[in-house]
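User: Please take a close look at a single part of this model and explain it in order for a first-year student.

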Amino acid sequence: MAPILIIDITTVGGIEFVLLSQSIRRAKYAGKHPNLLVCLDKFLKKNHLALEKLGGLVLLEGGGTFSGVRLAAAILNTIHLLTGIKILGLDKRKYGEDWDKIFSAAQKGLAKHPKGRFLKPVYTGEPNITIKL
């Protein structure tokens, strides 16, 4: 099985990466608005893994900020377009912290993922872009 990288953006103030392969490897990157691309690059380098070797990218949605979800979906869609790596969005509210169910849903979802299907963001609320004067 090719490794699957799960990206959890459901917590405001950080990103968590969970690599599902022969073993499970995790890393959290804290910050008010951590840069997803920089964190992804650091995680892949730390685990000696090339992006092209991934069997899929899974975005856990259903929480986090509107802008964070939108940006993460755009980044994963771009990666999919440029590399052909399968992508999948999962609503974490369905699974909570049950990582066994998340892993199972990720594997099943990616196995039946048609080539060329893009990720549609799941938002938990309206964007808050009001400027206070």
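The answer below concerns α1 and the loop that follows it.

Analyst: The model is predicted, so local features need pLDDT of at least 70 and side-chain atom pairs count only at pLDDT 80 or more, while totals for chains, interfaces and linings use all residues. Residues are numbered from 1 along each chain as its sequence is written, and side-chain values use heavy atoms, without hydrogens and water.

The part begins with α1, residues 36-46; helices are DSSP runs of H or I with at least four residues, strands are runs of E with at least two, and both are numbered from the N terminus. The axes of α1 and helix α2 (residues 66-83) come within 10 Å and cross at roughly 55°; these axes are lines fitted to C-alpha atoms over the stretch in contact, with angles from 0 to 180 degrees between N-to-C directions. Therefore α1 is oblique to α2, that is, neither roughly parallel (under 35 degrees), roughly antiparallel (over 145) nor roughly perpendicular (65 to 115).

At the contact (heavy atoms within 4.5 Å), α1 supplies L36, L37 and L40, which meet A72, I75, L76 and I79 of α2. By class, this contact holds seven nonpolar residues, with no polar and no charged ones; Ala, Leu and Ile are among the nonpolar types.

Beyond α1, the loop leading to β4 (56-61) contains H48. Although H48 is not a glycine, its phi is positive, about 50°. Most residues other than glycine have a negative phi. H48 counts as exposed because its relative accessibility is 75%, where exposed means over 50%, buried under 20% and partly exposed in between, for a 1.4 Å probe and protein chains only.
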